[in-house]
Amino acid sequence: MRESFKRLVEHRYFQPIIIGIIFLNGVIIVAETYSTSQFLVYLDKIILGIFVLEILLKITGLGFKRYFSSGWNWFDFLIVACSLIFLTTPFVSSLRLVRVLRLFRMIPAIPALRKIIDSLIRSMPALTGVLGLTLLIFTIYAIIGTTFFKDVLPYEFFGSFHNSLFTLMQVVTFESWASQVARPVIAEMPWAWIYFITFIIVGALVILNLVVAVILSYLGQEEEESRDERLDQLLKENMELKKDVQEIKQLLLEQYRSNR
């Protein structure tokens, strides 16, 4: 029975069916924002039952050790377990939050998404220095903004350190930064253009692109590792083939000499 379950969960159509059910779960959750039909609630419970059955099949077919050796399987298990725990909760908002979290199961189900998340996780040590530099730059510019601009704009812009940090986040994302923030300040303090231009160059153009470059390098690194593994395998097979050809050649020479 265990071997049958293993063949079932490793079948090429098993995972696409699960992905389709996750998509259907997402459609139901979206539909529930427009209607509170009991039919949608029953469908959601049926889908949750399918997810539970999927996990039971995988645990039975692969075994506890193999199933829980994967972090993504732990991720699936915890999301489904939380859905079961909050199934009868009186807190509707908590139940809806857990049901929405089920859509995150799309990540381990689709290899392309899983590859991106794996690359993000592996790049975290390299991003630590970049994030530290970003925090330092934001802190310096927030202090400067609070010191010089707190009396120029309303309090919610540069009135305090945390307000300045939020304003800088608005500037770095280019969200109405010129009309709401930069131009009113420059109108009162003409030298302020240096402050905003240097922050945009360093914060938006350099730091953000540096983060993107680090993540892309890890995305490419996985492809290079996979290519190197294939090349090593081909080299190994080539060496074995040469060895077999050499042995066949040696046998033919011995046979030829014996016939003479």
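Which residues is T60 in contact with, leaving aside its neighbours within four places in sequence? The legends below begin with that view and then move on through this predicted model.

**View 1. T60 and its contacts in helix α3.**
Welcome to the first close-up, where T60 sits in helix α3. Once neighbours within four places in sequence are set aside, T60 is in contact with R2 and F5. T60 counts as partly exposed because its relative accessibility is 31%, which falls between the 20% limit for buried and the 50% limit for exposed. If you would like a sense of distance, look for M239: its C-alpha atom is separated from that of T60 by 40 Å, and the two residues are 179 residues apart along the chain.

**View 2. The salt bridge between K58 and E54.**
Here we stay in helix α3, which covers residues 38-62. Side chains of opposite charge can pair when their charged atoms come close. In this view K58 forms a salt bridge with E54, and their closest N and O atoms are 3.0 Å apart. Because K58 and E54 are four residues apart in the helix, about one helical turn separates them. Both partners, K58 and E54, are buried. Take a good look at this pair, as the structure holds one salt bridge.

**View 3. F75 and D76, side by side in sequence in helix α5.**
Helix α5 spans residues 71-85 and includes D76; F75 has its place in this helix too. Is D76 buried or exposed? D76 counts as buried, because its relative accessibility of 6% is under the 20% cut-off. F75, at 29% relative accessibility, counts as partly exposed. Leaving aside neighbours within four places in sequence, D76 is in contact with I55, Y67, R105 and P108. With the same neighbours set aside for F75, its contacts are F104, R105 and P108. So that you can place F75 in the wider model, find I29 as well: the C-alpha atoms of F75 and I29 are separated by 20 Å, with the residues 46 apart along the chain.

**View 4. V181 and the residues that it touches.**
This close-up moves to helix α11, made of residues 177-188, where V181 lies. V181 is buried because its relative accessible area is 0%. Not counting residues up to four places away in sequence, V181 touches L153, F157, F158, T167, Q170, V171, S176 and F196. For a landmark elsewhere in the chain, try S123, which is 58 residues away from V181 along the chain. The C-alpha atoms of V181 and S123 are separated by 34 Å.

**View 5. I197 in helix α12.**
Next comes I197, which lies in helix α12. I197 has a relative accessible area of 36%, so this residue is partly exposed. A182 makes a handy reference point here: I197 and A182 are 15 residues apart along the chain, and their C-alpha atoms are separated by 9.5 Å.

**View 6. A patch of negative charge on the surface.**
The last view follows helix α12, residues 192-259, to E240. Which residues gather in the patch of negative charge on the surface? Along with E240, the patch holds E237, D244 and E247. E240 is partly exposed, because its relative accessible area is 42%. That value is over the 30% required of a residue in a patch.

Key:
Residues numbered from 1 in each chain as written. Predicted model: local features only at pLDDT ≥ 70, side-chain atom pairs only at ≥ 80, totals over all residues. Heavy atoms only, no water. Helix = DSSP H or I, 4+ residues; strand = E, 2+ residues; numbered from the N terminus. Buried < 20%, exposed > 50% of the residue type's maximum accessible area, 1.4 Å probe, protein only. Contact = heavy atoms within 4.5 Å. Patch = residues over 30% accessible without salt bridge, like charges linked within 9 Å, V, L, I, M, F, W, Y side chains within 5 Å. Areas by Shrake-Rupley, 256 points an atom, 1.4 Å probe, with all protein chains shown as cover. Salt bridge = Lys/Arg side-chain N within 4 Å of Asp/Glu carboxyl O. Lys, Arg positive; Asp, Glu negative; His and termini not counted. Charge placed at Lys NZ, Arg CZ, Asp CG, Glu CD.
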